[in-house]
Amino acid sequence: MTAPVCTSASNAATAMAPAKAPARAVARAQAFPYPSFSSYVKARQPVLLRTARSLTANPSDAEDLLQTALTKTYVAWERIEDHRALDGYVRRALVNTRTSQWRKRKVDEFACDELPEPESVPTGDDPAERQALHDAMWRAIMKLPARQRAMVVLRYYEDLSEAQTADVLGVSVGTVKSAVSRALGKLREDPELGFVRS
């Protein structure tokens, strides 16, 4: 069995178009000189993209890498005799392109006598304490009546003004002030939030 050989662009377009093809089909064949390349890319792009992603950590860089390799393949399309080996050709182009990028990369590492110490986290900004406070605060807020809870969330979590909170809930500004004041009083008395007051 002989391997299909890609001929010149004009012969390929003529071979792909039937003898009495409509003018639109001929125009399309002339616009895409290598219709077999287009069909190859459509069929094999997901597989080739997986290969590109294995060569670089960033998905966007992998897409760029594949586009570059496919461009090199397109330029060499007429010279590729065995189209059954196209995947190997594109993979080699991927690896070569990635190797060139790696060699040209800018190295921002400098040798030094002493390693810089990482900045210590201030004792008052402990992530575990922040999370514990956050959880305790939400538990205390959930104990409030629904209307007071809504007003506290709108005022202090959504950062709305008293007038905006009143407008959202359809109540007066005075109602918001008194309800929020009562809610804050309950939160101050909540035993779970005792460690904040101490």
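Val 180 is found in helix 9 of the predicted model. With a relative accessible area of 7%, Val 180 falls under the 20% limit and is therefore buried. Apart from its neighbours within four places in sequence, Val 180 is in contact with Met 151, Arg 155 and Tyr 156. The C-alpha atoms of Val 180 and Ala 150 are separated by 9.5 Å, with these positions 30 residues apart along the chain. Helix 9 itself, which spans residues 173-189, has the highest mean pLDDT among the elements of the protein, at 92.

Confidence varies along the chain. The mean pLDDT of the protein is 77, and 72% of its residues reach 70 or more. Helix 1 (residues 9-16) has the lowest mean value among the elements, 42. This helix falls in a stretch, residues 1-30, over which pLDDT stays under 50. For residues 1-30 the model has 20 contacts beyond four places in sequence.

The packing of helix 6 against helix 7 was examined next. Helix 6 comprises residues 127-142 and helix 7 residues 146-157, and the two pack at an angle of about 140°. Their axes are 9 Å apart. On the side of helix 6, the contact is made by Met 137, Trp 138, Ile 141 and Met 142. Helix 7 contributes Arg 149, Val 152, Val 153 and Tyr 157. By class, seven of the residues in this contact are nonpolar and one is charged, with no polar residue.

The loop between helix 7 and helix 8 (162-169) holds Asp 159. The phi angle of Asp 159 is near 60°, a positive value in a residue other than glycine. Asp 159 has a relative accessibility of 64%, which is over 50%, so this residue counts as exposed.

Side chains of opposite charge can pair when their charged atoms come close. A search of the whole structure finds three salt bridges. One of them is formed by Arg 44 and Asp 87, whose closest N and O atoms are 2.5 Å apart. Arg 44 lies in helix 3 (residues 35-55) and Asp 87 in helix 5 (residues 86-104), and the pair thus links distant parts of the chain, 43 residues apart. The side chains of Asp 87 and Arg 44 are also joined by a polar contact of 2.5 Å. The two partners fall in separate accessibility classes: Arg 44, at 26% relative accessibility, counts as partly exposed, whereas Asp 87, at 15%, counts as buried because its value is under 20%. Leaving aside neighbours within four places in sequence, Asp 87 is in contact with Tyr 40 and Leu 48 as well as with Arg 44.

A further salt bridge is formed by Asp 190 and Lys 143, with the closest N and O atoms 3.2 Å apart. Asp 190 lies in the loop between helix 9 and helix 10 (194-197), and Lys 143 in the loop between helix 6 and helix 7, so the pair ties together parts that are 47 residues apart in sequence. A polar contact of 3.2 Å likewise joins the side chains of Asp 190 and Lys 143. The relative accessible area of Asp 190 is 6%, and this residue is therefore classed as buried, the limit being 20%.

Glu 162 and Lys 177 form another salt bridge, in which the closest N and O atoms are 4.0 Å apart. This pair links helix 8, where Glu 162 lies, to helix 9, where Lys 177 lies, the two residues being 15 residues apart. Glu 162 counts as partly exposed at 28% relative accessibility. Lys 177 also counts as partly exposed, at 45%.

Methods: Residues numbered from 1 in each chain as written. Predicted model: local features only at pLDDT ≥ 70, side-chain atom pairs only at ≥ 80, totals over all residues. Heavy atoms only, no water. pLDDT = per-residue confidence, 0-100. Helix = DSSP H or I, 4+ residues; strand = E, 2+ residues; numbered from the N terminus. Contact = heavy atoms within 4.5 Å. Axes fitted to C-alpha atoms, helices over the stretch in contact; angles between N-to-C directions. Nonpolar A, V, L, I, M, F, W, Y, C, P; charged D, E, K, R; others polar. Buried < 20%, exposed > 50% of the residue type's maximum accessible area, 1.4 Å probe, protein only. Salt bridge = Lys/Arg side-chain N within 4 Å of Asp/Glu carboxyl O. Polar contact = N/O pair within 3.5 Å; in protein donor to acceptor, adjacent residues only side chain to side chain.
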